[in-house]
Amino acid sequence: MKIITYLFTSKNIRNVFITFTLLFNILFSFSQVDLRTCNYDCTSNNYTLKDVYLSLSNVNGDPITNTTCTIGEVRQVYIFLNYSSNSNSNIYFARLNSDLTIAGVTTFVNVLLGTIVPGDNKKLLYGPFNWTCGDELSLSNTIIAWKTNSNNDPGTNYSCSSYTNSQCDFTNSFTISKPLAVQFTYKACKTGTNTTVKFTSTTNGGIAPYTYAWDFNNDGGAPDSTIANPTYTYTTSNNSAKLTVTDTQNLTNTYILPIVEPTEIMLSESHTNIGCSGGTTSLTLTVTGGTPGYTYLWNTGATTKDLSNIAPGTYTVTVTDANSCTKTQSFIINQPTSLSATTSQTNVTCFGGSDGTATVTPAGGTAPYTYAWSPSGGTNATATGLSAGNYSVIVTDTNNCTLTKTVTIIDGDSIIPVINPLPSPTTIDCPALPVFATATATDNSGVISSLTFVDSITNNCVGSYTQIRTWTAKDACGNTSAPVSQTITVQDITKPTWTTTATALNVTLQCSDITGLAAAQALFPVASDLCDADVSNIVKISGQFMAQGCANAGTYTNTWTVKDDCGNTSDTFTQVITIEDTTAPTWTTAATALNVTLQCSDISGLATAQAAFPVATDNCGGTVTYTKTSGAFSAGSCVNSGTYTNTWVAKDVCNNSSTTFTQTITIQDTTAPAWTTAAAALNVTLQCSDISGLATAQAAFPVATDNCGGTVTYTKTSGTFSAGSCVNSGTYTNTWVAKDVCDNSSTTFTQVITIQDTTAPTWTTAAAALNVTLQCSDSAGLAAAQA
């Protein structure tokens, strides 16, 4: 039986903290049997762990595999396991022993799972604890043991005999499912200005497989790579790389990391030179840059940093740093060759001189060298100031090796050179320039030190002259030849030409453009001459204005000629300034200034409006003529309203027509008819019995007139009898409205007919007609009389 006791130390503070935060039946320090040491031969296969995952809750155990997290973020989590049981009944007192690894730290887990029901279910395994996003978690070496009887509890002090082979199961190892955490590492190598980076995605969580989208410069756009572990070469510094990962749940998360560039691996060596007698030396290698932790491989097979006892030759080393960056460089170990020398000389230039030189050039041996010339010449590699004769030199290297060489200096030259014949005299036309033959000379020594000429020029005018070129040759010893000459005559028979193009000064101007005319008159052409650089003596003849077509249009014609220094006269240059008048007169009267609105009765105002006219001006002056078109009256909405539209066109002396000026005279009738009948003229008072008077009063009507004439129409509203203080007295109130032909309505005219009853009734029975005399006994007669 294996007894496992765990005591925590401060070796890994963060993971110790994780362990100390456990709240779910995990013992902080315990002495219990590890069931994996009981040598069970588990024969059950009823239980399968399907998944082990993180959850934020110990109640519902929902997985957070379908979420993302940020690298370094700390969360309090729980570990749940999903299992599948194909048993037909519950099992009891199930216990799980396993190794739980979090961020590389392994913890023994001993968990009482309790009762496990058939089918698929989940169990809280571990937690809570603080988990850092990006940390890997795994469950391995797992055994589950159980009891089939609910009354057979092994208790907390169980032993190997508490369980049997038929009641246990070994499960597969699991990487614990967790949120998608995107991260990567990299190794960088610097070569010159380029930094080659090998990226390695360490993304975990979510549900694999993943798709990758690398943005090596973190600048957006299409992915630079879609593989898990790409390589990219940067050509600039201060970069950041971004990795975006999407899992099979379509969850996406990103990680950005700045790229820290190492310096480039640089190699150098030092060694002691080999002496001329041969031998060996040692090479000391110096390495800088890269990431320390270097390894070495020489072309000799050596893997040490430095080499010793090496012969002359080429030695190549490849240095590899901790990031697998390499640098290969070759170093050459030399030894001197045997001492040798060559000689060269410069003979005496001129007979009897002492400007000879001799030079010895050593090779091999070991520099620096020393020299000794005899019988003269000094102690330099080159002996100078030598006259004709024999000389020797001893060359000694730094190892005292010596070598002797000899030189013979030859004497110099005393014969004059000879110039070969030149062409006969010739004549050419300016602007052609004289082209002289180049003289040649010969010397017995074959060395002409100088061949020079002197020109003499006789001028007639700027473009006509005679040039004589006389040559003299000297050899290296100063021996001078006889002079030889060539003559060329240049003549000027070409007249000046105008560089200003023929019509360049022509211009067309409006007659009003005084400034433009002054500018045009101030223009002048430019001439050039092939032979005379200064042809500014230009003569101008100014032409007078010549009218054409009308007084304001015409031309000025100016001409120029010029002569060169040799009297050749140019062609005549002509300038034509065309003056035209194409601008129509413009109205100074404002566009609506003559428009007027009048009442139809305003005869005087209409006459004044018709007599008005606009005024125009012309840019070039002269008489402006006007043509008026008088418009007829155009009736409007009624007979007495409408418009007169008159137009004018103005023309200048060059017959340019202006725009049309329009005058609109608006006639309106807004005055209602006026009553000529006095306001109370139709009022009347009648006795109620005056039927005839009433009829006459009802037939009366008022009269109105209109200021603009036309038929006036009347609308009468007859009032009904309105009783007064008694039934036979009261009033009739009648009203009229008059309208003119433009539908203007007058004020209301009112007529009041007053009916009165001021006449008392009259007796139609005769005054004594009812009187009667009766007997006192005549009761019936009395009754009849009383009735």
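Is Tyr-626 buried, partly exposed or exposed? At 36% relative accessibility, Tyr-626 counts as partly exposed; buried means under 20% relative accessible area, exposed over 50%, and partly exposed in between (1.4 Å probe, protein chains only).

A word before the views: this is a predicted model, in which local features need pLDDT of at least 70 and side-chain atom pairs count only at pLDDT 80 or more, while totals for chains, interfaces and linings use all residues. Residues are numbered from 1 along each chain as its sequence is written, and side-chain values use heavy atoms, with hydrogens and water left out.

**View 1. A nonpolar surface patch includes Tyr-626.** Phe-613, Val-615 and Tyr-626 together make a nonpolar patch of about 290 Å² on the surface. Patches consist of residues with over 30% relative accessible area and no salt bridge, where like charges are joined within 9 Å and nonpolar side chains (Val, Leu, Ile, Met, Phe, Trp, Tyr) within 5 Å. Accessible areas come from the Shrake-Rupley method with a 1.4 Å probe, and for residues only the protein chains shown count as cover. To find Tyr-626, look in strand 45, residues 625-629. Strands (E, at least two residues) and helices (H or I, at least four) are DSSP runs numbered from the N terminus.

**View 2. Strands 11, 12 and 14 form an open sheet.** The order of its three strands is 11-12-14, and the pairing is antiparallel; two strands pair if DSSP finds at least two bridges between them. Strand 11 (184-191) and strand 14 (231-234) are the edge strands, each pairing on one side only. On average, neighbouring strands here are turned by 25° against each other, direction ignored. For such angles, axes are lines fitted to C-alpha atoms (for helices, over the stretch in contact), and values run from 0 to 180 degrees between N-to-C directions. Strands of a sheet pair through backbone hydrogen bonds, either parallel or antiparallel.

**View 3. Strands 11 and 12 make a hairpin.** Two residues lie between the strands, and Gly-192 in the turn has a positive phi of about 65°. Strand 12 covers residues 194-201 and runs antiparallel to strand 11, with eight bridges joining the two. You can follow the pairing from Phe-184, which stands opposite Ser-201 in strand 12, to Thr-185, whose bridge partner in strand 12 is Thr-200.

**View 4. Strands 13, 15 and 16 form an open sheet.** Its three strands have the order 13-15-16 and pair in antiparallel fashion. Strand 13 (211-215) and strand 16 (252-259) stand at the edges with a single partner strand each, so one side of each has no neighbour in the sheet. Neighbouring strands of this sheet are turned by 20° against each other on average, direction ignored. Five bridges join strand 13 to the antiparallel strand 15 (residues 239-246); in one of these strand pairings, Thr-211 has Thr-246 in strand 15 as its bridge partner.

**View 5. Asp-99 and Arg-36 form a salt bridge.** Their closest N and O atoms are 3.0 Å apart; a salt bridge is a side-chain nitrogen of Lys or Arg within 4 Å of a carboxyl oxygen of Asp or Glu. Asp-99 lies in strand 5 (residues 91-102) and Arg-36 in the loop between strand 2 (32-33) and strand 3 (47-55), so the pair ties together parts that are 63 residues apart in sequence. Asp-99 is buried, at 14% relative accessible area, whereas Arg-36 is partly exposed, at 22%. Asp-34 joins Arg-36 and Asp-99 in a network of salt bridges.

**View 6. Lys-190 and Glu-261 meet in a salt bridge.** The N to O distance between these side chains is 3.1 Å. Lys-190 sits in strand 11 and Glu-261 in the loop between strand 16 and strand 17 (266-271), so to speak a link between distant parts of the chain, 71 residues apart. Lys-190 counts as buried at 18% relative accessibility, while Glu-261 is partly exposed at 23%.

**View 7. The largest nonpolar core has 31 residues.** Leu-54, Ile-79, Leu-125 and Phe-129 have the most contacts inside it. A nonpolar core is a set of buried Ala, Val, Leu, Ile, Met, Phe, Trp, Tyr and Cys residues joined through side-chain atoms within 4.5 Å. Among the strands that each supply at least two residues are strand 4 (74-85) and strand 7 (119-132). Strand 5 gives the largest share, five residues.
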